[in-house]
Amino acid sequence: GIREKFRQAAFELAKPELANFLDDNEEKLLKVFREEIQKLDDSIPEENLFIDIKMVPLGEVILKACLKALKRFLRDEV
């Protein structure tokens, strides 16, 4: 209906700005993400880990890939 069309039109207008926002704030987002992943890593007892994985660097690589994918989607580079 009209509500869905309005929502889609608003999203199409906001997409480039959202991608720019992610570009402008990527370092802040990565910092917060690193902190949260470190908390997760610290909360997992060592004896429960089968292998020693450094969660923060792994999580950061995954988040960067996610951000890149989001920005490509928002900029219609798919």
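This is a short talk on the packing and charge pairs of one predicted model.

Hi everyone, and thanks for coming. Please keep the structure in view while I talk. Since the model is predicted, everything I mention is computed from it.

Let's start inside. The largest nonpolar core has six residues: Ala19, Leu22, Leu30, Leu63, Leu67 and Leu74. Two elements each give two or more residues to this core, namely helix 1, which covers 2-43, and helix 2, which covers 55-74. If you'd like one residue to click on, try Leu22. Setting aside residues up to four places away in sequence, Leu22 touches Leu67, Leu70, Lys71 and Leu74. Two of those partners, Leu67 and Leu74, are also listed in the core.

Now hold on to Lys71 from that list, since the next part is about charge. As general background, side chains of opposite charge can pair when their charged atoms come close. How many salt bridges does the model have? The count comes to eleven.

Which residues does Lys71 pair with? One is Asp23, in a salt bridge of 2.9 Å from N to O. Asp23 sits in helix 1 and Lys71 in helix 2, so this pair links parts of the chain 48 residues apart. Another partner is Glu26, where the closest N and O atoms are 2.7 Å apart. Here too a residue of helix 2 meets one of helix 1, so the pair ties together parts that are 45 residues apart in sequence.

Are these residues buried or exposed? Lys71 counts as buried because its relative accessibility is 11%, under the 20% limit. Glu26 is buried as well. Asp23, at 36% relative accessibility, counts as partly exposed. And the pairing goes further, because Asp23, Glu26, Lys71 and Arg75 are linked in a network of salt bridges.

For a pair within one helix, look at Glu36 and Lys39. Their side chains meet in a salt bridge of 3.1 Å, N to O. They are three residues apart in helix 1, so about one helical turn separates them. Glu36 is partly exposed at 43% relative accessibility, while Lys39 is exposed, with a relative accessible area of 52%.

Next, a couple of lysines to compare. Lys15 is in helix 1, and it counts as buried, at 4% relative accessibility. Its side chain is joined to that of Glu12 by a polar contact of 3.4 Å. Not counting residues up to four places away in sequence, Lys15 touches Phe73, Leu74 and Asp76. Lys64, by contrast, is found in helix 2 and is partly exposed, with 40% relative accessibility. Leaving aside neighbours within four places in sequence, Lys64 is in contact with Glu26 and Leu30. The C-alpha atoms of Lys64 and Leu29 are separated by 10.0 Å, and these two residues are 35 places apart along the chain.

Last stop, the surface. Which residues make a nonpolar patch there? Phe11, Phe73 and Val78 do, and the patch is about 310 Å². Phe11 belongs to helix 1 and is partly exposed, at 32% relative accessibility. Phe73 may sound familiar, as we just met it touching Lys15.

So, to take away: a six-residue nonpolar core, a salt-bridge network that includes Lys71, and a nonpolar patch on the surface. Thanks for listening!

Note on methods
Residues numbered from 1 in each chain as written. Predicted model: local features only at pLDDT ≥ 70, side-chain atom pairs only at ≥ 80, totals over all residues. Heavy atoms only, no water. Core = buried A, V, L, I, M, F, W, Y, C linked by side-chain atoms within 4.5 Å. Buried < 20%, exposed > 50% of the residue type's maximum accessible area, 1.4 Å probe, protein only. Helix = DSSP H or I, 4+ residues; strand = E, 2+ residues; numbered from the N terminus. Contact = heavy atoms within 4.5 Å. Salt bridge = Lys/Arg side-chain N within 4 Å of Asp/Glu carboxyl O. Patch = residues over 30% accessible without salt bridge, like charges linked within 9 Å, V, L, I, M, F, W, Y side chains within 5 Å. Areas by Shrake-Rupley, 256 points an atom, 1.4 Å probe, with all protein chains shown as cover. Polar contact = N/O pair within 3.5 Å; in protein donor to acceptor, adjacent residues only side chain to side chain.
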